[in-house]
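Student: I have a model open and a list of labels for its parts. Could we go through why each label applies?

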Amino acid sequence: MLIVGLTGGIGSGKSTVARLLAGHGAAVVDVDALGREIIAPGGSAVQAVIERFGSELAGPDGGIDRPALASIVFSDPDELAALNEISHPAINELLDERIESIGEAGATDVVVLDMAVLTESTLGRNTRFPYEVVVTVEAPPDIRLERLIERGMTADDAKARLASQATDEQRREAANFVVGNGGGSDELADATTKLWDALCRLAHERSA
């Protein structure tokens with residue numbers, strides 16, 4: 001299988017591209033969802049997060065109060081780094097499990113890891129099945145900010161979240177493919193189809 005790291009800043013349309021690739025036949029692993037899973041009730045990182053950030057983050061269901069945690073880490077780079085030290089190894093363990101299951105099923109040649117912080121982290125790299133190709137999705141900053149506000153974020157929270165992530169230039173340096181998402185949905189669908197064709201060619205070349 002060809003394992004692809006798909007990234008892009010919040011509001012860029014990364015997850016839309018992931019859904020389009022899934023429609024073409026890719027197996028998509030939502031790495032952000034794995035991040036939520038490890039701090040949900042029974043999650044492998046719950047206790048470590050409470051020990052590091054305080055018992056007030058413990059939710060009534062036994063998981064972590066995610067909005068409270070976000071309010072701490074997304075405005076403080078040191079606190080975000082501390083969370084990443086806890087969460088990223090736990091997420092990578094789950095990634096290995098999911099990718100192994102996909103390989104055993106044998107239903108696709110392309111696995112896409114939908115991950116916001118590919119550039120900023122070792123997610124998807126320090127694993128038994130590291131990604132081999134990187135795709136980044138881009139959109140103009142003003143459009144991304146508008147999308148986040150439409151989702152219900154305040155302007156200040158949206159700007160803080162944007163500032164906490166890598167820049168487009170940093171993502172581009174790591175990318176093999178760049179998908180622009182500053183136009184309409186039809187343009188994005190066409191760009192994703194071309195991307196899919198290129199990924200399939202790479203997958204077939206690897207298996208030849």
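**Labels and their reasons**

Tutor: Start with a helix pair. This is a predicted model, and in it α3 and α5 are roughly antiparallel to each other.

Student: Why are α3 and α5 called roughly antiparallel?

Tutor: Take the angle. α3 and α5 pack at about 155°, with their axes 10 Å apart. Angles over 145 degrees count as roughly antiparallel. The value of about 155° passes that cut-off, so the label holds.

Student: Which residues make that contact, and what is the handedness of the crossing?

Tutor: On the α3 side they are A48, V49, R52 and F53. They meet E79, A82, L83 and I86 in α5. The crossing of α3 and α5 is right-handed.

Student: Why are α6 and α7 called oblique?

Tutor: Helix α6 (residues 141–150) and helix α7 (residues 155–163) pack at about 130°, and their axes are 9 Å apart. Roughly perpendicular covers 65 to 115 degrees, and roughly antiparallel needs over 145. About 130° falls in neither class, so α6 and α7 are oblique. Their crossing is right-handed. R144, L145, L148 and I149 in α6 meet A155, A158, K159 and L162 in α7.

Student: What angle does helix α1 make with α9?

Tutor: Helix α1 (residues 14–24) packs against α9 at about 55°, with the axes 10 Å apart. That makes α1 oblique to α9. Roughly parallel would need an angle under 35 degrees, and roughly perpendicular starts at 65. The crossing of α1 past α9 is right-handed. T16, V17, L20, L21 and H24 of α1 make the contact with L188, A189, T192, T193, L195 and W196 of α9.

Student: Where does α9 lie relative to the strands?

Tutor: Helix α9 (residues 185–207) lies across β1, β3, β4 and β5. Its direction is at about 165° to β5.

Student: Now the sheet. What is the order of its strands?

Tutor: It is an open sheet of five strands, in the order β2-β3-β1-β4-β5, with parallel pairing. From one strand to the next, the twist averages 25°.

Student: What makes β2 and β5 edge strands?

Tutor: Count partners. β2 and β5 (177–180) each have a single partner strand, so one side of each is left without a neighbour in the sheet.

Student: How do you know that β1 pairs with β3 and with β4?

Tutor: Pairing needs at least two bridges. Five bridges join β1 to β3, and the two run parallel. β1 and strand β4 (residues 133–138) also pair in the parallel sense over five bridges. Both counts meet the cut-off, so both pairs stand. For registry, L2 stands opposite V110 in β3, and T7 stands opposite T136 in β4.

Student: How many bridges link β2 and β3?

Tutor: β2 and β3 pair in the parallel sense over four bridges. V28 stands opposite V112 in β3.

Student: What makes β1 a mostly covered strand?

Tutor: Seven of the seven residues in β1 (residues 2–8) are buried. Side chains in a regular strand alternate between the two faces of the sheet. In β1, L2, V4, L6 and G8 on one side are buried, and so are I3, G5 and T7 on the other. Both faces are covered.

Student: Which residues touch the most other members of the largest nonpolar core?

Tutor: That core has 33 residues, and V49, F53, I64, L69, V111 and L113 touch the most other members. Its largest share, nine residues, comes from α5. A second, separate core of 19 residues includes A18, L21, V110 and C200.

Student: What does I64 contact, beyond its neighbours within four places in sequence?

Tutor: I64 is in contact with I39, V46, V49, I50, L57, G59 and L69.

Student: One last label. Why is D61 called exposed?

Tutor: D61 has 54% relative accessibility. Exposed means over 50%, so D61 qualifies. D61 sits in the loop between α3 and α4. Measuring C-alpha to C-alpha, D61 and E146 are 33 Å apart in space, and 85 residues apart in sequence.

Methods: Residues are numbered from 1 along each chain as its sequence is written. This is a predicted model: local features need pLDDT of at least 70, side-chain atom pairs count only at pLDDT 80 or more; totals for chains, interfaces and linings use all residues. Side-chain values use heavy atoms; hydrogens and water are left out. A nonpolar core is a set of buried Ala, Val, Leu, Ile, Met, Phe, Trp, Tyr and Cys residues joined through side-chain atoms within 4.5 Å. Buried means under 20% relative accessible area, exposed over 50%, partly exposed in between (1.4 Å probe, protein chains only). Contact means heavy atoms within 4.5 Å. Axes are lines fitted to C-alpha atoms, for helices over the stretch in contact, and angles run from 0 to 180 degrees between N-to-C directions. A crossing is left-handed if the near helix is turned anticlockwise from the far one by less than a right angle, and right-handed if clockwise.
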